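This report presents a short account of one protein fold for a reader who has not met it before.

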Amino acid sequence: MNIVANELKTRGVGVIDDALKHDDEAIISVRGKSKYVAVSLDRYNYLRECELEAALQEVKAEIKAGKGKVMSADEHLSRI
């Protein structure tokens, strides 16, 4: 669902609540251009978890390919 910034100004967060009842996200447009996305905290946490899982898999693949070095936290801190 798209929300115009002026509607957000007049109706407040209620407009976001209404939008998120029908969709996982609400796009907020300013001066006719999509600028922001509002999501519920549960949805944000899910997306963040997916992002972190993808990063973990990428690091594991780099280590498996010999592009990384496994070390303890203390060893890492001493290197930086």
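The following paragraphs treat the sheet, the helix packed on it and the nonpolar core.

This is a predicted model, in which local features need pLDDT of at least 70 and side-chain atom pairs count only at pLDDT 80 or more, while totals for chains, interfaces and linings use all residues. Residues are numbered from 1 along each chain as its sequence is written, and side-chain values use heavy atoms, with hydrogens and water left out.

Three strands (DSSP E runs of at least two residues) form an open sheet of order β1-β2-β3 with mixed pairing; two strands pair if DSSP finds at least two bridges between them. The edge strands, each pairing on one side only, are β1 (2-4) and β3. From one strand to the next, the twist averages 35°. The two pairings are set out below.

| Strands | Sense | Bridges |
|---|---|---|
| β1 and β2 | parallel | three bridges |
| β2 (residues 25-30) and β3 (residues 33-39) | antiparallel | six bridges |

Val4 has Ser29 in β2 as its bridge partner. Helix α2 (residues 13-22; a DSSP H or I run of at least four residues) packs on this sheet and touches β1, β2 and β3, contact meaning heavy atoms within 4.5 Å.

In β3, Tyr36 is the bridge partner of Ile28. Two residues lie between the strands of the β2 and β3 hairpin, where Arg31 takes a positive phi near 55°.

The largest nonpolar core (buried Ala, Val, Leu, Ile, Met, Phe, Trp, Tyr and Cys residues joined through side-chain atoms within 4.5 Å; buried means under 20% relative accessible area, with a 1.4 Å probe and protein chains only) comprises seven residues: Ile3, Val15, Ile16, Ala19, Ala26, Ile28 and Ala38. Helix α2 gives the most to this core, with three residues.

Definitions and conventions
Axes are lines fitted to C-alpha atoms, for helices over the stretch in contact, and angles run from 0 to 180 degrees between N-to-C directions. Buried means under 20% relative accessible area, exposed over 50%, partly exposed in between (1.4 Å probe, protein chains only).
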